[in-house]
Each structure stands twice: as structure tokens, then as C-alpha cells.
Amino acid sequence: FTNIDNMATQKRMKRYLLQRVDELIKKVRDGKADYPSIMVACSYTNNDTVFAEKSAAPINYVFHPLLQSAMAVVGAIGQPTRYSNNKLGACAEQRAANKAVNRYHQHIKDLDFTPAIRPRTKQIKPYCDNCTNTFPQL
């Protein structure tokens, strides 16, 4: 977890993410979804609302201007960057953060993230370089 001192907040975020992963697994088994590479959850430090998201292509996806500004330093949305071959904007971290910023219009530096989880195996995976450069708290 990033910057989370409160154990209750950590547990709540992890529980929420694992519930979303389990829901996704059921949809995959029912033939209604495919496995994404990664899922992650985030929340603002001063807020109880948790946002979970999965990785997906950033086609026709609109990012909040606060997040766009941070991402512009890393590269062009929808393209690999100098930091990673991953397309900027495809990561679960960026998509979850976008939900949070759209709801509360607060700065991305105040977001806390769960570890990134591969839904197929429920393994924790490292954050990519696009995300660590977009979100300094990672």
C-alpha cells in the first residue's frame, strides 16, 4: 500500500479490490468478460470511498485534466512512453485514479493505492514505470 498509515483503511481497500476481482472472475467464467492484466484500487487519504479499476486500452477514454497534466509529463496517452512499452492510460492505476479525480477533483498526490493484482492468479505485480512516474507516491 502507498502512504496508508491507517490499518483499517488498508484492510477496507484490499477487501474492496478482492471483491471486485472475485466479481470479475465470475464474469470470466460465465463468458461475459476477459481477464485484464491488472486490477487496482485507490482512495483519497481523507475519504472512505474506494475506486477499483482494471487495465484496458485507452481508446475513447477521457482523463480528468488534473490527471492529464501528470500523464503529459510521462508521454502521450495511448502511446508507449520512454519509461515503458505499456501504452499510457491503459493501466488500472491511471483508470482508478481518474474515477477518484472525476468524483472529488482533488490532486492525484493525495491518492493511496492498493498493490496491483493480476486477477487470473491473484498475484501482486509491480507497478509499471508509467505509473510510478505519474504517481510519485507509488
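**Entry 1: Phe135 and the cores**

I began with the surroundings of Phe135 in this predicted model. Setting aside neighbours within four places in sequence, I found Phe135 in contact with Leu67, Glu93, Gln94, Ala97, Ile108 and Phe113.

I then looked up the core to which Phe135 belongs. Phe135 is part of the largest nonpolar core, which has 24 residues. Cys42, Leu67, Ile108, Leu111, Phe113 and Phe135 have the most contacts inside this core. I listed the elements that give two or more residues to this core: strand S1 (39–44), helix H2 (65–74), helix H3 (92–104) and strand S3 (111–113). H3 supplies the largest share, five residues. Another core, of 12 residues, lies apart from this one, and I noted Val21, Leu24, Ala33 and Ala52 among its members. As general background, nonpolar side chains in soluble globular proteins tend to be buried together.

**Entry 2: H2 against H3**

I next examined how H2 and H3 are placed. Their axes come within 9 Å and cross at roughly 145°. On the H2 side I recorded Leu66, Leu67 and Met71, which meet Gln94, Ala97, Asn98 and Val101 of H3. Sorted by class, this contact holds five nonpolar residues, two polar residues and no charged residues.

**Entry 3: Tyr16**

I located Tyr16 in helix H1, which covers residues 7–29. Is Tyr16 buried, partly exposed or exposed? I entered it as partly exposed, because its relative accessibility is 27%, which falls between the cut-offs of 20% and 50%. Not counting residues up to four places away in sequence, Tyr16 touches Val50, Phe51 and Ala52. Of these contacts, Ala52 is also listed in the core of 12 residues. I also checked Tyr16 against Phe63, 47 residues apart along the chain, and found their C-alpha atoms separated by 23 Å.

**Entry 4: Cysteines**

How many disulfides does the model contain? My count came to zero. Cys91 is in no disulfide, and the nearest cysteine sulfur, that of Cys128, is 3.5 Å away. For Cys131, the closest cysteine sulfur is in Cys91, at 3.7 Å, and I entered no bond there because this is too far; the cut-off is 2.5 Å. I classed Cys91 as buried because its relative accessible area is 8%. I classed Cys131 as buried as well, with a relative accessible area of 0%.

**Entry 5: Ser55**

I placed Ser55 in the loop between strand S2 (51–54) and H2. Ser55 counts as buried because its relative accessibility is 17%, and the cut-off is 20%. The side chain of Ser55 reaches the backbone nitrogen of Ser37 at 3.2 Å. Beyond residues up to four places away in sequence, I listed Pro36, Ser37, Ile38, Ala90, Cys91, Ala92 and Arg95 as residues that Ser55 touches. Cys91, from the preceding entry, is thus one of the residues touched by Ser55.

**Entry 6: Positive phi values**

Finally, I looked up positive phi values in residues other than glycine. Asn60 has a positive phi of about 55° and is placed in the loop between S2 and H2. I recorded Asn60 as exposed because its relative accessibility is 77%. His105 has a positive phi near 55° and is found in the loop between H3 and S3. I recorded His105 as exposed because its relative accessibility is 52%, and the cut-off for exposed is over 50%.

Terms used: Residues are numbered from 1 along each chain as its sequence is written. This is a predicted model: local features need pLDDT of at least 70, side-chain atom pairs count only at pLDDT 80 or more; totals for chains, interfaces and linings use all residues. Side-chain values use heavy atoms; hydrogens and water are left out. A nonpolar core is a set of buried Ala, Val, Leu, Ile, Met, Phe, Trp, Tyr and Cys residues joined through side-chain atoms within 4.5 Å. Buried means under 20% relative accessible area, exposed over 50%, partly exposed in between (1.4 Å probe, protein chains only). Helices (H or I, at least four residues) and strands (E, at least two) are DSSP runs, numbered from the N terminus. Contact means heavy atoms within 4.5 Å. Axes are lines fitted to C-alpha atoms, for helices over the stretch in contact, and angles run from 0 to 180 degrees between N-to-C directions. Ala, Val, Leu, Ile, Met, Phe, Trp, Tyr, Cys and Pro count as nonpolar, Asp, Glu, Lys and Arg as charged, and the others, Gly among them, as polar. A polar contact is a pair of N or O atoms within 3.5 Å; within protein, one must be able to donate a hydrogen and the other to accept it, and residues adjacent in sequence count only if both atoms are side-chain atoms.
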